[in-house]
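Colleague: I'm new to reading structures, and I'd like to know where the labels come from. Can we go through them one at a time?

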Amino acid sequence: MSLRARIVLPLLLASVQARDIPSNVQRFYDSVIAQGSCNKPLQTGFYDMSPEIPGIGFAYCGDHVDDYGIIYIQGGGGKLANMDTDCDGDRSKNDNGGCDGAHSVQSATAMRDYVSAYSNGVSDLNPFVHDYVVFGNSGDKAGWITFDPRDHNMKPLSVMAVVCNNQLIYGIWGDTNGDDGVNPRVGEASISIANLCFGSGFDLNGDVGQGILYIGFTGDDAVPGEDTNWGAADENEFQSSIRSLGDRLIQRIGGSTNSSSI
């Protein structure tokens with residue numbers, strides 16, 4: 001490899017991995033924190049991996065589901081969620097051992113049937129390749145609080161935005177939180193997103209970072225479908241394949257949407 005290639009390639013990869021936070025998204029991020037809590041929660045009663053603070057839980061917030069077509073996670077007291085790493089799915093490719101020792105790993109994601117149905121799909125999402133967000137909560141335990149984003153017009157495998165570490169990362173809605181923990185949890189993403197946000201070397205079973213805003217987009221137009229490179233070689237190729245749609249979707253924030261209804 002030439003000297004020029006050795007210099008240019010890392011810069012190109014960095015530009016794919018993350019982008020600066022656009023001004024409209026930054027203003028929204030700041031306003032969510034300044035507001036303090038959600039005014040129109042779609043569901044409350046959730047926690048992240050941080051030590052619990054009495055009276056401060058998290059909600060799936062619907063303050064802007066009608067005007068911006070977005071659902072996001074917001075805590076009380078101006079708190080946003082942290083990031084726990086998810087290693088669920090098909091790890092047969094690009095498994096570098098980063099998920100070894102994970103406290104809870106499932107062999108399949110909640111979106112396996114959707115992604116495998118595409119003509120260019122794969123058997124399931126791969127946490128090392130497919131940048132996905134864990135969004136929504138399911139469970140059968142008595143009294144367990146659940147939330148299904150589909151009830152509010154979010155579609156499986158739709159593109160999401162993650163504001164983390166002063167960067168903007170795109171992902172897809174790829175998994176849901178189950179009832180295998182001590183309480184209903186929020187604030188989780190694939191190990192590929194954690195790497196894109198914070199680099200490697202974090203505590204796999206602890207929170208990777210704080211102050212993270214997870215934004216889901218409603219409507220059919222948020223689903224990349226078969227235009228996505230589901231067979232991508234790595235997380236950079238996958239991120240590149242959903243970026244143009246993500247860039248269009250974030251233009252809703254601060255504006256309005258006419259997204260399709262169920």
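Modeller: Let's start with burial in this predicted model. Of the 262 residues in the protein, 49% are buried.

Colleague: What makes a residue count as buried, partly exposed or exposed?

Modeller: The relative accessible area decides: under 20% is buried, over 50% is exposed, and partly exposed is in between. Take aspartate 113, with a relative accessible area of 59%. That value is over 50%, so aspartate 113 is called exposed.

Colleague: And why is arginine 112 called partly exposed?

Modeller: Its relative accessible area is 41%. That sits between the 20% and 50% cut-offs, so arginine 112 gets the middle label.

Colleague: How do you know that arginine 112 and aspartate 113 form a salt bridge?

Modeller: You check the distance from N to O, which is 3.9 Å for this pair of side chains. The cut-off is within 4 Å for a side-chain nitrogen of Lys or Arg and a carboxyl oxygen of Asp or Glu, so the pair passes. A search of the whole structure turns up six salt bridges.

Colleague: What about arginine 19 and aspartate 247: why is that a salt bridge?

Modeller: Here N and O are 2.6 Å apart. That is within 4 Å, so the name fits.

Colleague: Which parts of the protein does that pair tie together?

Modeller: Arginine 19 is in the loop between helix H1 (3-17) and helix H2 (23-35), while aspartate 247 is in helix H5 (residues 235-249). The pair therefore ties together parts that are 228 residues apart in sequence. As for exposure, arginine 19 has a relative accessible area of 23%, and aspartate 247 is at 23% too. Both values lie between 20% and 50%, so each residue is partly exposed.

Colleague: What other partner does aspartate 247 have?

Modeller: Aspartate 247 also forms a salt bridge with arginine 243, with the closest N and O atoms 3.8 Å apart. Again that is within 4 Å, so it counts. Both residues lie in helix H5, four residues apart, which is about one turn of the helix. Arginine 243 has a relative accessible area of 25%, so it is partly exposed.

Colleague: Which residues make up the network of salt bridges?

Modeller: Arg19, Arg243 and Asp247 are linked in it. Asp247 bridges to Arg19 and also to Arg243.

Colleague: Last one: how many helices and strands are there?

Modeller: The protein has five helices and nine strands. From the N terminus, the elements go α-α-β-β-β-β-α-β-β-β-β-α-β-α.

Conventions: Residues numbered from 1 in each chain as written. Predicted model: local features only at pLDDT ≥ 70, side-chain atom pairs only at ≥ 80, totals over all residues. Heavy atoms only, no water. Helix = DSSP H or I, 4+ residues; strand = E, 2+ residues; numbered from the N terminus. Buried < 20%, exposed > 50% of the residue type's maximum accessible area, 1.4 Å probe, protein only.
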